[in-house]
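Visitor: Hey, got a minute to walk me through a structure? I'd like to start with a strand residue and wander from there.

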Amino acid sequence: MHIDIDEKRCNGHAQCELSAPEVFSVNEDGIAFLLTDDPAAAQREDVRAAVRRCPESAITLVDD
Ligand code: F3S
């Protein structure tokens with residue numbers, strides 16, 4: 001599974017970090033970035049929750 005963050009859409013809502021703090025963080029400019037691009041199987045439901053909760057629809061999951 002590959003995670004893509006569209007930095008142009010991201011507006012710093014941090015719902016991704018709240019949903020999956022081991023996978024997402026938000027930098028000092030309010031833009032999300034990945035802590036890992038290869039989340040463990042146990043984290044994947046949290047990643048899906050992050051996708052659902054992002055108000056800007058900035059996160060996309062791509063099955064490899
Ligand atoms: Fe950005 Fe969405 Fe996270 S707006 S900070 S990717 S919740």
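Visitor: Okay, which residues does Asp-4 touch, not counting those up to four places away in sequence?
Guide: Asp-4 touches Ala-58, Ile-59 and Thr-60, where contact means heavy atoms within 4.5 Å. Before you read too much into that, this is a predicted model, where local features need pLDDT of at least 70, side-chain atom pairs count only at pLDDT 80 or more, and totals for chains, interfaces and linings use all residues. Residues are numbered from 1 along each chain as its sequence is written, and side-chain values use heavy atoms, with hydrogens and water left out.

Visitor: Fine. Where does Asp-4 lie?
Guide: In strand 1. Strands here are DSSP runs of E with at least two residues, helices are runs of H or I with at least four, and both are numbered from the N terminus.

Visitor: And how much of Asp-4 is accessible?
Guide: Its relative accessible area is 36%, so Asp-4 counts as partly exposed. The scale runs like this: buried is under 20%, exposed is over 50%, and partly exposed is in between, using a 1.4 Å probe and protein chains only. Asp-4 also sits 11 Å from Asp-38, C-alpha to C-alpha, with their positions 34 residues apart in sequence.

Visitor: Let's go inside. Which residues touch the most other members of the largest nonpolar core?
Guide: Ile-3, Cys-16, Val-23, Phe-24, Val-47 and Ile-59, out of 15 residues in that core. Strand 1 (2-5) and helix 2 (44-53) each supply at least two of the core's residues. By nonpolar core I mean a set of buried Ala, Val, Leu, Ile, Met, Phe, Trp, Tyr and Cys residues joined through side-chain atoms within 4.5 Å.

Visitor: What is Ile-3 in contact with, leaving aside its neighbours within four places in sequence?
Guide: Val-23, Phe-24, Leu-34, Thr-36, Asp-37, Pro-39, Val-47, Ile-59, Thr-60 and Leu-61.

Visitor: Now Gln-43: buried or exposed?
Guide: Gln-43 has a relative accessible area of 16%, so it is buried. You'll find Gln-43 in the loop between strand 3 (32-34) and helix 2. Beyond its neighbours within four places in sequence, Gln-43 is in contact with Glu-22 and Val-23.

Visitor: Switching to the ligand. Which residues are around it?
Guide: Cys-10, Asn-11, Gly-12, His-13, Ala-14, Gln-15, Cys-16, Val-26, Ala-32, Cys-54, Glu-56 and Ile-59. A residue makes that list if one of its heavy atoms lies within 4 Å of the molecule.

Visitor: How does that shell divide by residue class?
Guide: Seven nonpolar, four polar and one charged. Ala, Val, Leu, Ile, Met, Phe, Trp, Tyr, Cys and Pro count as nonpolar, Asp, Glu, Lys and Arg as charged, and the others, Gly among them, as polar.

Visitor: Any odd backbone angles? What is phi of Ala-14, say?
Guide: Near 65°, which is a positive value in a residue other than glycine. Ala-14 is in the loop between strand 1 and helix 1, and at 22% relative accessible area it is partly exposed. Ser-57 has a positive phi too, near 50°. Ser-57 is found in the loop between helix 2 and strand 4, and it is partly exposed, with a relative accessible area of 48%.

Visitor: Back to the loop before helix 1. Is Lys-8 buried or exposed?
Guide: Exposed, at 83% relative accessible area. Lys-8 lies in the loop between strand 1 and helix 1 (15-19). Its C-alpha is 9.8 Å from that of Glu-56, although the two are 48 residues apart along the chain.

Visitor: Last one: what about Gly-12, where does it lie?
Guide: Gly-12 is in the loop between strand 1 and helix 1 as well. Gly-12 is partly exposed, with a relative accessible area of 30%. From Gly-12 to Ala-41 the C-alpha separation is 26 Å, with 29 residues separating them in sequence.
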